[in-house]
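User: I would like to go through this model term by term. Please tell me what each name rests on.

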Amino acid sequence: MKIGIVSDSHGNTSVFETMLAVPGAREAELWLHAGDFAPDADDLEILSGRRVARVLGNCDLFMDGVYDETVVEAAGHRIFLTHGHLFNVRFDTMMLAEAARTAGADIAVYGHTHIALEEHGDVTVLNPGSIARPRDAARGSFMLVDLRENEAPTVQLIRI
């Protein structure tokens, strides 16, 4: 199963069209939006025609039915999705990985830092960077991830 991961769109939903034009992006069966701005996920859902799981970020206001964290099940994996600001991710991902373990997840996805990251261990930790306001490069980024049951995820970071 292929999933897409995006974060920190900050209201710039026009970047989704560029993102979805990347080879393979339209093949994603599910998208994860790691917050800032959670309502942008509605536009991604319309453009992609796929379900978008989302969480609130530190720049988001209350949204009925959307929370600070959620667990998504896909292809035999449990994915802990959060924005990250409540887990001190600016310093390290230890608290985040522990929260994922506690939730029974083997993958943790977050945003917040606007810096892409991929860490492998007993919990795979992924940050797609920011699609609209990157701090680690001149171009926005997102991830495409191939998930297979009982296998580590295969991650592709893509700059647009």
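**Helices, sheets and cores**

User: Where does helix α2 lie, and at what angle does it run to β3?

Analyst: Helix α2 (residues 40–48) lies across β1, β2 and β3. It runs at about 160 degrees to β3. Such angles run from 0 to 180 degrees between N-to-C directions, with axes fitted to C-alpha atoms, for helices over the stretch in contact. Contact means heavy atoms within 4.5 Å. This is a predicted model, in which local features need pLDDT of at least 70 and side-chain atom pairs count only at pLDDT 80 or more, while totals for chains, interfaces and linings use all residues. Residues are numbered from 1 along each chain as its sequence is written, and side-chain values use heavy atoms, leaving out hydrogens and water.

User: What makes residues 40–48 a helix?

Analyst: A helix is a DSSP run of H or I with at least four residues, and a strand is a run of E with at least two, both numbered from the N terminus. Residues 40–48 are listed as α2, so they form such a run.

User: Which strands form the sheet with β3, and in what order?

Analyst: The order is β3-β2-β1-β9-β10. This five-strand sheet is open, and its pairing is mixed.

User: Why do β3 and β10 count as edges?

Analyst: β3 (51–54) and β10 (154–159) each have a single partner strand, so one side of each is left without a neighbour in the sheet. From one strand to the next, the twist averages 25 degrees.

User: How do you know that β9 and β10 pair?

Analyst: Two strands pair if DSSP finds at least two bridges between them. Six bridges join β9 to β10, so they pass that test. The two run antiparallel. Val-145 stands opposite Val-155 in β10.

User: What is the order of strands in the sheet with β4?

Analyst: Here the order is β4-β5-β6-β8-β7, again open and mixed. β4 and β7 have a single partner strand each, so they stand at the edges. Neighbouring strands are turned by 20 degrees against each other on average, direction ignored.

User: In which sense do β6 and β8 pair, and β7 and β8?

Analyst: β6 and β8 are parallel over three bridges. There, Ile-107 stands opposite Thr-124 in β8. β7 and β8 are antiparallel over four bridges. Leu-117 has Asn-127 in β8 as its bridge partner. β7 and β8 form a hairpin with four residues between them.

User: What makes β8 mostly covered?

Analyst: Five of its five residues are buried. Buried means under 20% relative accessible area, exposed over 50%, and partly exposed in between (1.4 Å probe, protein chains only). Thr-124, Leu-126 and Pro-128 point one way from β8, while Val-125 and Asn-127 point the other way.

User: Why do the buried residues of α3 line one face?

Analyst: They are Leu-96, Ala-97, Ala-99 and Ala-100. Seen down the helix axis, they fall within an arc of 160 degrees, so they line one face. That arc is taken from the directions from the helix axis to the C-beta atoms. Met-94 and Thr-102 are exposed on the face turned away from the buried side. The cover over the buried residues includes β5, β6 and β8 (124–128).

User: Why is His-112 called buried?

Analyst: Its relative accessible area is 10%, so it falls under the 20% limit. His-112 lies in the loop between β6 and β7 (116–119).

User: What makes the link between His-112 and His-83 a polar contact?

Analyst: Their side chains are joined at 3.3 Å. A polar contact is a pair of N or O atoms within 3.5 Å; within protein, one must be able to donate a hydrogen and the other to accept it, and residues adjacent in sequence count only if both atoms are side-chain atoms. The value 3.3 Å is within that limit, so the name fits.

User: What makes a nonpolar core, and how many residues has the largest one?

Analyst: A nonpolar core is a set of buried Ala, Val, Leu, Ile, Met, Phe, Trp, Tyr and Cys residues joined through side-chain atoms within 4.5 Å. The largest has 18 residues. Ile-3, Leu-32 and Val-145 are among those with the most contacts inside it. Elements giving two or more residues to this core include β1 (2–6) and β9 (141–146). A second, separate core of 16 residues includes Phe-16, Leu-20, Val-52 and Phe-142.
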